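Me: Could you walk me through how the parts of this protein hold on to each other? I am new to it, so please explain the terms as you go.

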Amino acid sequence: MNSEAAGLGKIWQPLQIGVTTVKNRIMIASHGQAYGEDHQPSERMIAYFQERALGGASLLGVEATSATRSLGGAQPGGAASRWRLTAWEPRTIPAFARLAEAVHDHDARLFVQLSTGGVNDMGRAWTDDWHPVRGPSRVPSPIMNETPAPLEAEDIKELTCDYAKSAENLRRAGVDGVEIHAAHGYLAMQFLSPAFNKRTDGYGGSVKNRCRFSIEVGDAIRNRVGDALTLGMRLSFDEYIGAAGVTPDLAEECLEVFADSGLFDYFSISCGSWYSLHRTIPPMGTEPEAFLAPYGKRAKRVVGSRAKIFLAGRILSLEAAERVLTEGAADMAAMVRAHIAEPHLVAKTLAGRSGEIVRCAGTNECLAAPAKGRQVTCALNPAAGRERAWGEGTLRLATDVKRVTVVGGGPAGMRVAALAARRGHEVELIERSGRLGGHLDLLRRLPTRGDWQVAIGNLGAALEAAGVEPRLGEEATVETLLASGPDAVVCATGSSWDCTGFSAGRPDRERMPGADEGHVLDVDTAARAALEDPASLGDKVIILDDTGGYLPLGLAEMLGQAGAGVEVLSRFATIGDQAAATGDLAWMLPRLTATGVRLSPNHFIESVDGRRVEVYETLGGRTRLVDDVSTVVLSMLRSPVDGLFHDLRKNGRFEVHRIGDAVAPRSAAEAIYEGERLGRAL
Ligand SMILES: Cc1cc2nc3c(=O)[nH]c(=O)nc-3n(C[C@H](O)[C@H](O)[C@H](O)COP(=O)(O)O)c2cc1C
């Protein structure tokens with residue numbers, strides 16, 4: 001073992017959890033990928049898990065899996081989800097068996113999380129099975145907002161039987177353990193939470209009664225499978241809605257009841273519910289690393305030697321995991337997003353290759369994906385979810401070694417250059433500005449966005465490892481390229497922000513009247529000016545956002561902090577739709593409010609006339625005039641910077657490619673994806 005790995009002593013100690021022994025203390029807690037097909041683990045999912053088992057984590061958790069025939073088919077934020085796994089149907093056993101085998105092949109263990117949605121179900125998810133959603137009481141989900149019918153005794157009996165049947169199915173599939181999902185607002189947590197459980201029968205009121213549902217489920221599972229499976233429970237230690245919901249004190253009392261029952265081998269400590277999902281999976285710039293450690297310590301004090309404690313929550317490095325373990329906050333450190341970004345976190349550390357670890361930056365692309373109806377991907381690790389094509393061992397040396405010039409040092413250019421060089425091509429990377437990172441280099445300078453530097457750092461480390469030395473501050477032109485004569489040129493030249501005011505929401509006009517006035521700026525120019533001197537935009541700023549992205553809101557925050565009056569307008573019903581999907585918006589809104597920023601959804605600009613701006617409501621058409629506006633910022637379309645590409649193509653002397661924003665301006669995740677794809681194809 002190298003000295004770095006040897007310094008992480010506790011992590012390498014095996015652990016006995018019920019009937020399961022794990023080889024180290026690093027696990028990947030349950031997390032959904034939306035990779036399931038026809039409700040069973042798919043080949044994509046098996047490859048995803050296999051990669052992470054190979055990468056050295058000792059225990060892998062399968063996502064919230066429907067344990068019951070009803071109440072489990074849907075997912076807040078998602079459509080009726082065909083990808084949602086089910087364990088209650090025996091037909092899914094063979095696919096779970098393949099998954100378990102793939103994980104066992106690499107000496108890791110597999111636990112499956114058993115869940116049912118309760119009030120977070122969707123009553124009309126399945127055309128042939130409309131039903132009222134069911135919950136402890138008549139309180140709807142804050143997200144789904146369907147009025148539930150309270151569960152009756154016979155319903156509860158059916159649910160507990162289904163849980164037991166699911167556990168039995170998974171035992172037959174060769175899975176090592178099952179976990180009752182009593183966290184994050186699923187049904188078992190709804191019984192614990194005063195926010196949802198208003199019952200006056202044996203399932204409501206006292207702490208013991210609130211715990212009864214989960215205890216009955218645990219009992220039913222133990223009666224069915226005995227000690228053949230490890231049995232655990234996931235709990236949210238804080239629902240973050242004060243005494244209205246689960247508080248840390250209530251969580252401790254519940255934990256005492258659960259530990260006392262003797263049913264459970266472990267408790268996995270997390271936080272949040274559908275009231276506070278942004279806290280369960282906090283994005284960059286919010287919670288510190290291992291932020292749930294104080295709750296882990298409390299849980300360990302309550303449970304003592306009666307069960308093991310797992311802990312998640314922005315444990316991003318093995319050093320942080322080691323601290324969590326040695327400080328007595330957990331017996332197992334759960335690192336979820338860290339492993340989405342880097343499946344080989346443990347193996348690389350053990351091999352003395354920690355410099356190659358792709359670090360999670362907390363962009364929460366993984367969280368946003370299912371919320372937007374997509375499968376989970378990672379902004380920084382384009383191989384996540386694509387392991388069959390891009391996983392470990394798939395990169396092939398180039399048979400026809402070329403001299404490749406990459407123009408543009410943003411995420412697309414950095415990625416393609418590193419990949420092509422690793423494959424043996426001779427690569428040079430030319431960047432016009434003095435810095436690498438492109439658009440990310442601006443984002444990282446916004447308030448709370450510093451961790452974008454982690455993303456730039458990952459891309460830079462890959463370049464360095466591949467031996468590419470970027471040439472900064474150099475402009476590539478047709479002439480310079482003709483002179484140097486590479487075999488192939490990749491144009492990763494990015495995009496520029498339009499300042500015409502054109503919007504798909506106003507198809508009747510090409511330009512916004514007044515958009516050419518000097519105090520109307522595109523958002524990139526405005527953000528750079530504000531970073532230099534926030535006062536330079538004046539004391540009254542209107543930002544019109546058509547993107548739903550973070551940049552205009554980050555600018556608003558910066559200006560608000562500096563004391564300017566700021567109003568953000570958008571023609572959409574939610575301002576910052578993209579930032580909502582990553583969980584950022586819920587953190588940012590209080591900060592914007594604190595600085596006095598005004599948000600006006602369903603609004604647009606009719607015209608700018610000097611310091612007077614005419615604004616209208618997109619739904620009703622009512623107009624208002626805003627006077628004394630010092631700057632109007634337009635966060636609208638971007639145009640590809642593709643002149644070099646077209647000139648080179650016309651010239652016909654080289655193999656020419658273009659990727660990323662230079663094709664069509666999109667996200668960093670897409671830019672990095674295209675860099676990876678071309679890097680493998682060159
Ligand atoms: C894409 C995604 C899906 C998740 N799905 C689940 C789930 O199905 N069940 C669960 O208990 N937690 C789920 N989580 C929460 C994680 O298990 C974990 O608690 C959270 O990501 C914080 O840990 P981290 O900072 O190491 O990522 C999910 C997290 C992510 C990012």
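Me: Which residue forms a salt bridge with R449?
Reply: Happy to help! This is a predicted model, where local features need pLDDT of at least 70, side-chain atom pairs count only at pLDDT 80 or more, and totals for chains, interfaces and linings use all residues. Residues are numbered from 1 along each chain as its sequence is written, and side-chain values use heavy atoms, with hydrogens and water left out. A salt bridge here is a side-chain nitrogen of Lys or Arg within 4 Å of a carboxyl oxygen of Asp or Glu; with closest N and O atoms 2.6 Å apart, the partner of R449 is D584.

Me: How many salt bridges does the rule find across the interface of domain 2 and domain 3?
Reply: Domain 2 covers 403-496 + 642-681 and domain 3 covers 520-636, with bounds from an automatic or database domain assignment. In the whole structure there are 46 salt bridges. Across this interface, the number found is 1.

Me: What area is buried between domain 2 and domain 3?
Reply: Buried area is the accessible area (1.4 Å probe) that two parts lose on being put together, summed over both. Carbon and sulfur atoms give 67% of it here, and the total is about 910 Å².

Me: Is D546, which pairs with R571, buried or exposed?
Reply: The closest N and O atoms of D546 and R571 are 2.8 Å apart. Buried means under 20% relative accessible area, exposed over 50%, and partly exposed in between (1.4 Å probe, protein chains only). R571 is partly exposed at 24%. Because D546 has 14% relative accessibility, D546 counts as buried.
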